Amino acid sequence: MEPVTYEESSAAFKARIDAGEKIEAGEWMPDEYRQSALKFIEMHANSEVMGALPEGTWIPRAPTLKRKLSLTAKVQDEVGHGQILYRVAEDLGKTREQMFDDLVNGRTKFHNVFHYPAESWGDVAYIGWLIDGAALVNQKALLDASYMPYVRAMRRICPEESLHLRHGEELVLELVSGTKEQRALFQDAVNRWWQPTMHFFGPPSKKKDMLLYWGIKTRTNESLRQEFFSTYVPKLWDLGITVPDDRLAWNEETGEWDWAEPDWDEFWKVVRGDGPMTHIRLAQRKTVWDTHAWVREVFAGMPEAA
Amino acid sequence: MPVWDVFGKRKPDDEFQWVGGIKAPDVDMALVLARETHFRHKEGVAYAVRRRGDTDAALHVGKYGGDELGGLTDRSYRRQEAYAGVGARQKRVSREFARAGVRIDRSRPPAAGSPRARVPDA
Amino acid sequence: MPDDPRLSLILALADDELILGHRHSQWTGWAPHIEEDLAFSSIAQDEMAHARMLYRVARESGLTDRDDDALALGRPPEEYLNAVLCERPNGDWGYTVARQYLYDTADAIRVQVLGDSSWRALADAMKVIELEEKYHRDHAVTWFNRLAEGPSLTARERFAEGLTTAIGEAIAVFEPLSGEEELVSEGVLPRSNEDMLGDWLGELGEALEASSLDYVLARHGPVGEMVPTGSGEIPVESVDFTVPGVVRRDGRWMHEGAFAGAGGRRGRHSEDFLPLWEEMTALYRAHPGAKW
């Protein structure tokens with residue numbers, strides 16, 4: 001029977017998602033789905049372009065020509081992911097110009113890890129391997145999402161991210177097998193970045209998470225964090241790098257990693273826009289955005305004659 | 001600002017396939033930009049753009065093709081091939097560090113490195 | 001100055017590409033249009049990759065025993081032979097695009113000329129570089145057309161201001177090299193810098209005239225104050241300045257007299273170079289012999 005009310009249409013839509021069907025851009029969708037998907041994808045896009053900044057500060061300072069080139073290309077790829085994701089978000093009904101305007105004016109969010117400074121080349125190695133590694137754990141899970149244009153974007157982004165991961169891993173291997181100072185650069189980065197990395201996966205998922213409900217994401221924060229531990233912690237230990245969490249260890253009885261809950265107040269403070277670099281980065285972005293309104297003007301073209 | 005659909009060919013004999021979209025003020029700028037937004041990792045040997053909605057119009061084909069897409073001088077750092085030995089190196093370094101007693105021994109999942117953690121909601 | 005004029009030549013070329021690529025790469029993540037961010041980052045990478053290629057040619061030709069990193073990041077500031085134009089901070093997008101236009105149209109001429117160099121290794125490198133530089137020229141011309149032809153007057157003005165700021169130092173891309181006579185007589189540099197500058201200014205003048213932007217070569221100053229009466233404009237004291245060393249004669253723009261904005265080819269730089277050098281080389285210099 002054809003659904004007749006909004007509730008019936010929504011229920012039929014939800015049934016399609018539960019059956020594993022994919023949703024395309026032009027299709028009918030409940031407003032709640034559109035809003036959730038837009039907000040989530042917009043935040044993802046914002047995070048890609050804000051994520052370009054901490055690593056970007058090391059492009060001018062890279063220690064060899066090879067690294068200068070590969071780091072430029074890596075940051076370029078992150079901006080490229082932003083480009084792809086903003087297009088997906090835009091087709092859900094909000095212009096990219098509006099999304100950028102909201103971002104630079106602090107009205108929308110981006111991931112916690114991009115609110116922190118990149119203090120040394122050790123941070124570049126950490127971000128390249130472990131922040132990208134954490135992001136890849138998340139993004140691979142999104143390959144099963146319900147919104148098909150987002151899935152297509154992930155199919156393009158994930159192979160690039162796994163390239164970045166190799167790049168980051170290589171940077172780490174050079175540092176840990178280099179001089180004492182180089183090793184210390186990486187260990188110091190791990191010490192500072194570990195808590196933000198734990199925050200990155202988010203607090204344990206709520207019972208009714210709208211994003212899970214609508215299949216916009218498919219796995220809980222906790223299961224993604226556990227996968228991250230299993231993939232990366234043994235590798236860090238193999239390299240003799242300590243992780244600043246005394247409880248962190250595999251628990252054979254539960255078949256899970258034990259770990260110490262981080263300071264969640266810090267997480268909430270940061271994602272609400274009060275991280276160590278939030279104000280500076282947004283102010284710089286806003287300045288470039290505002291002083292280059294003329295580029296948007298010339299790109300928008302003359303209004304069509306009536 | 002107009003949206004342009006971007007098309008590419010993986011091999012010279014392929015048909016143009018849709019690969020994504022970009023925003024640009026005119027066709028000249030769209031062709032300049034699409035080359036690097038979608039083909040800088042050597043994703044194709046030919047490319048084209050068409051203003052979204054102009055489905056009956058012909059494609060505007062970019063003048064660069066073949067090896068010119070994705071760089072003629074060494075750009076291997078943009079592709080997996082440049083990092084082919086990294087996994088093996090990681091294992092080698094780990095073995096050396098284990099011998100040197102640098103490795104940290106704490107409880108870890110049975111096959112180290114394999115994602116065998118219990119996934120509570122899967 | 002290097003003893004061998006061939007080293008002066010190849011370092012001038014490579015350092016231009018390195019230093020401008022360094023500046024361009026600082027737009028990665030910041031460009032005012034996201035697709036442009038990607039395009040401009042690729043141009044930055046092209047320039048830095050060309051520098052690397054040329055440093056290797058210098059070494060393989062036996063002109064130096066230093067590797068590409070030691071050449072790019074390990075020399076004292078006064079040994080860098082890039083044009084001053086390349087080291088200036090990015091400023092706004094108007095200056096950036098104006099500089100890229102001026103540099104890459106100038107570079108296209110010398111790259112073509114050096115494709116016929118009697119120094120085979122350099123000529124071969126230039127042939128490859130030329131194929132990549134074609135895109136830079138396209139990029140520059142596309143932006144030129146978009147900014148010069150509107151529809152935004154602001155954009156046109158920003159671009160014109162960028163051209164005005166950059167033009168004097170762009171001319172000095174063709175500052176004569178030390179030992180240039182020898183390079184020319186041996187066919188290493190098939191045409192002199194002065195000769196190439198003539199071609200470039202001729203082309204540039206034509207392109208600017210076609211868009212009524214040639215005033216940036218002749219004068220730059222405000223028009224008089226407008227008054228809302230029939231008398232129209234009240235003349236004000238002129239603060240015009242002209243671009244030194246550029247004149248229009250016999251219907252063509254040409255170089256005459258001194259080089260303003262020069263010095264780069266002799267290792268003499270602007271106040272903007274030292275901070276760039278410090279930032280670019282600090283990590284490399286801090287860990288001698290380290291692998292990264």
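**Interfaces and local features of a three-chain predicted model**

Author: B:R108 and A:D238 are joined by a salt bridge, with 3.0 Å between the closest N and O atoms. The model is predicted, so local features need pLDDT of at least 70 and side-chain atom pairs count only at pLDDT 80 or more, while totals for chains, interfaces and linings use all residues. Residues are numbered from 1 along each chain as its sequence is written, chains are lettered from A in the order in which they are written, and side-chain values use heavy atoms, with hydrogens and water left out.

Reader: Why is the pair B:R108 and A:D238 called a salt bridge?

Author: A salt bridge is a side-chain nitrogen of Lys or Arg within 4 Å of a carboxyl oxygen of Asp or Glu. The closest N and O atoms of B:R108 and A:D238 are 3.0 Å apart, so the pair qualifies. Between chain A and chain B the count is seven salt bridges.

Reader: What makes up the side of chain A that touches chain B?

Author: Elements giving two or more residues include α3 (65-90), α6 (148-176) and α12 (293-300) of chain A; helices are DSSP runs of H or I with at least four residues, strands runs of E with at least two, numbered from the N terminus. The most comes from α6(A), with 13 residues. By class, this side has 16 nonpolar, 17 polar and 21 charged residues, where Ala, Val, Leu, Ile, Met, Phe, Trp, Tyr, Cys and Pro count as nonpolar, Asp, Glu, Lys and Arg as charged, and the others, Gly among them, as polar.

Reader: How much area do chain A and chain B bury between them?

Author: Chain A and chain B bury about 4400 Å², 56% of it on carbon and sulfur atoms. Buried area is the accessible area (1.4 Å probe) that two parts lose on being put together, summed over both. A:W237, A:D238 and A:F299 supply 16% of the area that chain A buries against chain B, more than any other three residues.

Reader: What is found between chain C and chain A?

Author: Chain C and chain A bury about 4000 Å², 70% of it on carbon and sulfur atoms. C:W30, C:I34 and C:W292 supply 22% of the area that chain C buries against chain A, more than any other three residues. One salt bridge is found across this interface; A:R96 and C:E35 meet in a salt bridge at 2.8 Å, N to O.

Reader: Why does B:K9 have no salt bridge?

Author: The nearest side chain of opposite charge, B:E15, is 6.8 Å away, and therefore fails the distance criterion. Lys and Arg count as positive and Asp and Glu as negative, whereas His and the chain ends are not counted. B:K9 is nevertheless buried, and lies in strand β1 (residues 3-9) of chain B.

Reader: Why is C:D250 called exposed, and C:S212 partly exposed?

Author: Buried means under 20% relative accessible area, exposed over 50%, and partly exposed in between (1.4 Å probe, protein chains only). C:D250, at 74%, therefore counts as exposed, and C:S212, at 47%, counts as partly exposed.

Reader: What makes the backbone of C:S212 and C:D250 notable?

Author: Most residues other than glycine have a negative phi. C:S212 has a positive phi of about 55 degrees although it is not a glycine, and is found in the loop between α9 (193-210) and α10 (215-218) of chain C. C:D250, also not a glycine, has a positive phi of about 50 degrees and lies in the loop between β3 (246-249) and β4 (252-255) of chain C.
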